[in-house]
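Please look over the sequence and the model below before reading on. The report then takes up a sheet, a pair of packed helices, a helix with two faces and two unusual backbone angles.

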Amino acid sequence: MGNICGCVLTQQQEGSPERKAHKRPSSNQSAAAAAASALANSSSRWTRSSTRRRDNNGAADIIAKLDDATMRDQAIAAAAIILRQQRQGQGQGQGQGQPFDRSNSLRYPSHPNDAKKGYLPRSSSSRPPSLADPLLQPHQLVNQDVKLDDLETNHFVLVHGGGFGAWCWYKTIALLEAGGFKVTAVELTGSGIHSFDTNGITTLSQYVKPLTDYLEKLPDGEKVILVGHDFGGACISYAMELLPSKVAKAVYVAAAMLISGQSALDIFTHKESSNDLMQRAQIFLYAKGNDNPPTAIDLDKSLLRDLLFNQSPGKDVALASVAMRPIPFAPVLEKLSLSKEKYGCVRRFYVKTVEDNAMPVALQEQMVNASPPEKVFRVKGADHSPFFSKPQALHKILVEIAKLK
C-alpha cells in the first residue's frame with residue numbers, strides 16, 4: 001500500500017498535459033484507463049516498459065541482470081523451503097505446527113544443554129547486534145505466560161503487503177511459534193513463490209483468492225487472527241466482508257484500512273504531503289502495451305532501503321531486494337464494499353510505524369480517524385517493515401491482541 005502512494009501524489013502535484021483518451025472496446029476498462037492515463041502522463045520519471053527500466057550499457061548491464069536473476073532464484077528457493085517446512089509442521093501433531101527453525105541465514109548447532117534451557121540456535125550472521133533487532137531468548141520475550149487454551153484463537157494468519165511475499169514474516173513466524181501459537185503465512189496471487197504472472201491480475205478477488213480459499217477451508221467454528229501489512233490491509237478487509245465468521249480479530253500493520261466505497265488509490269489522493277522518494281522509486285509496467293493502462297508497479301531496488309527498510313538490518317534488506325515482485329495495478333483501483341453486519345462485526349486493531357517513509361504517520365492517523373479501530377498501537381523506531389526493524393515489539397503487540405477478551 002505504501003508502495004503505491006507516490007503514484008497518486010505525482011498525479012496530483014505535477015501538471016503535465018493529459019493525452020487524448022484512447023477508446024477501449026470494453027466499458028469495464030474505462031475507469032482504470034482514465035486513472036492510469038492521468039498517472040502515466042504526470043511524471044517524466046516514469047519509464048514505459050513491458051518489463052522494467054532498460055539501459056544500453058553493454059555487457060556489464062547484461063551480467064548484472066543475470067546475477068540479479070540468480071540471486072532472486074536463490075531467495076525464492078529459500079522461501080519455498082521455509083514455507084514447505086511450515087506446512088509440513090502444521091500437518092503434524094494436534095493441529096500445532098512444529099517449531100519454525102529456519103531463517104534465511106544459516107544457524108549453528110546449539111550446545112545440547114541449550115535446548116533444555118530454551119535457547120534459540122545461534123545465527124551465522126556476522127553483522128553485530130543492533131538496537132533495531134536485539135537478540136532475545138525465548139525466556140526474555142514478553143507475554144510468555146500466555147495460556148493458549150484460554151484464548152478465543154491461537155491461530156495467526158499473516159498477509160503480506162504489495163510486492164512482498166510470505167517470506168517477509170520469517171521473524172514473526174519464529175517468535176510466535178516459539179510461544180506456542182499456530183501461524184500461517186499466506187502467499188497472495190503473483191507474490192513471493194506463487195507462480196502466477198503479476199501482470200495478469202485484473203481484480204482484487206483474484207489477488208486475494210489464496211487467502212479466501214484458505215479461510216473457506218477452515219473447520220466449522222474455527223477462527224483466526226488476520227494480520228495485514230501495507231496493501232495487505234485492503235486484502236484482509238475484503239476477506240472480513242466475505243467470511244466474517246472465520247475472523248476473530250484483524251490487525252492492520254502500517255496497512256491500508258479503508259472505509260466502504262474507497263480504493264487504495266482514493267486514500268492517497270487525499271494525502272497532503274509529497275513523497276518524492278516514492279515518486280523516484282516507482283516503475284510502471286505495461287505488459288499490454290503503452291496504449292493500455294499499467295499492469296503492475298515495480299520499485300527501484302536501489303531505493304528500497306530508504307523507502308521501506310530505513311531502520312531494518314542489512315541482511316533483511318538484501319533478502320527483500322532479490323525477493324520482492326511487482327505490485328498488481330488493477331486491485332489498487334478497486335473500491336471496497338464493506339458492511340457493518342459483516343466487516344463491521346470483526347474487532348479491528350491498528351499498529352502505527354513511527355519511522356515509516358512509505359506510509360507516513362500522518363496518513364496512518366488519517367485512516368485511523370476515518371474508521372476508528374478498537375485500539376491503536378505505536379511502534380517507535382519502526383520503519384514500514386516492522387517485522388524486520390522491530391520484530392520483538394511487533395510480536396509483543398500481536399500477543400497482547402490475542403490475549404484481549
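Which residue in S9 is the bridge partner of Ala296?

## The three-stranded sheet

The bridge partner of Ala296 in S9 is Pro328, and this holds for a model that is predicted. The pair belongs to the contact between strand S8, which covers residues 296–299, and S9, where the two strands run antiparallel to each other and are joined over two bridges.

These two strands are part of an open sheet of three, ordered S7-S8-S9, in which the pairing is antiparallel. Strand S7 (282–285) and strand S9 (327–328) stand at the edges with a single partner strand each, so that one side of each has no neighbour in the sheet. In general, the strands of a sheet pair through backbone hydrogen bonds, in either a parallel or an antiparallel manner.

## The packing of H6 and H7

Two packed helices are described by the angle between their axes together with the distance between those axes. For helix H6 (residues 204–216) and helix H7 (residues 232–242), the angle is about 60° and the axes lie 10 Å apart; the two helices are therefore oblique to each other, and their crossing is right-handed.

On the H6 side, the contact is made by Leu204, Ser205, Tyr207, Val208, Leu211, Thr212 and Leu215, which meet Cys235, Ile236, Tyr238, Ala239 and Leu242 on the H7 side.

## The two faces of H13

In helix H13, which spans residues 361–370, the buried residues are Val361, Leu363, Gln364, Met367 and Val368. Viewed down the axis of H13, these buried residues fall within an arc of 165°, so they line one face of the helix. An α-helix has 3.6 residues a turn, so residues three or four places apart point the same way.

The face of H13 that is turned away from the buried side carries Ala362, Asn369 and Ala370, which are exposed.

## Two positive phi angles

Asp230 is not a glycine, and yet its phi is positive, at about 60°. This residue is found in strand S5, which comprises residues 224–230, and Asp230 is buried, with a relative accessible area of 0%.

Ala254, likewise not a glycine, has a positive phi of about 45°. Its place is in strand S6, which runs over residues 247–255, and with a relative accessibility of 0%, Ala254 counts as buried.

Note on methods:
Residues numbered from 1 in each chain as written. Predicted model: local features only at pLDDT ≥ 70, side-chain atom pairs only at ≥ 80, totals over all residues. Heavy atoms only, no water. Buried < 20%, exposed > 50% of the residue type's maximum accessible area, 1.4 Å probe, protein only. Helix = DSSP H or I, 4+ residues; strand = E, 2+ residues; numbered from the N terminus. Arc of directions from axis to C-beta. Pairing = 2+ DSSP bridges. Axes fitted to C-alpha atoms, helices over the stretch in contact; angles between N-to-C directions. Parallel < 35°, antiparallel > 145°, perpendicular 65-115°, else oblique. Left-handed = near helix turned anticlockwise from the far one by under 90°. Contact = heavy atoms within 4.5 Å.
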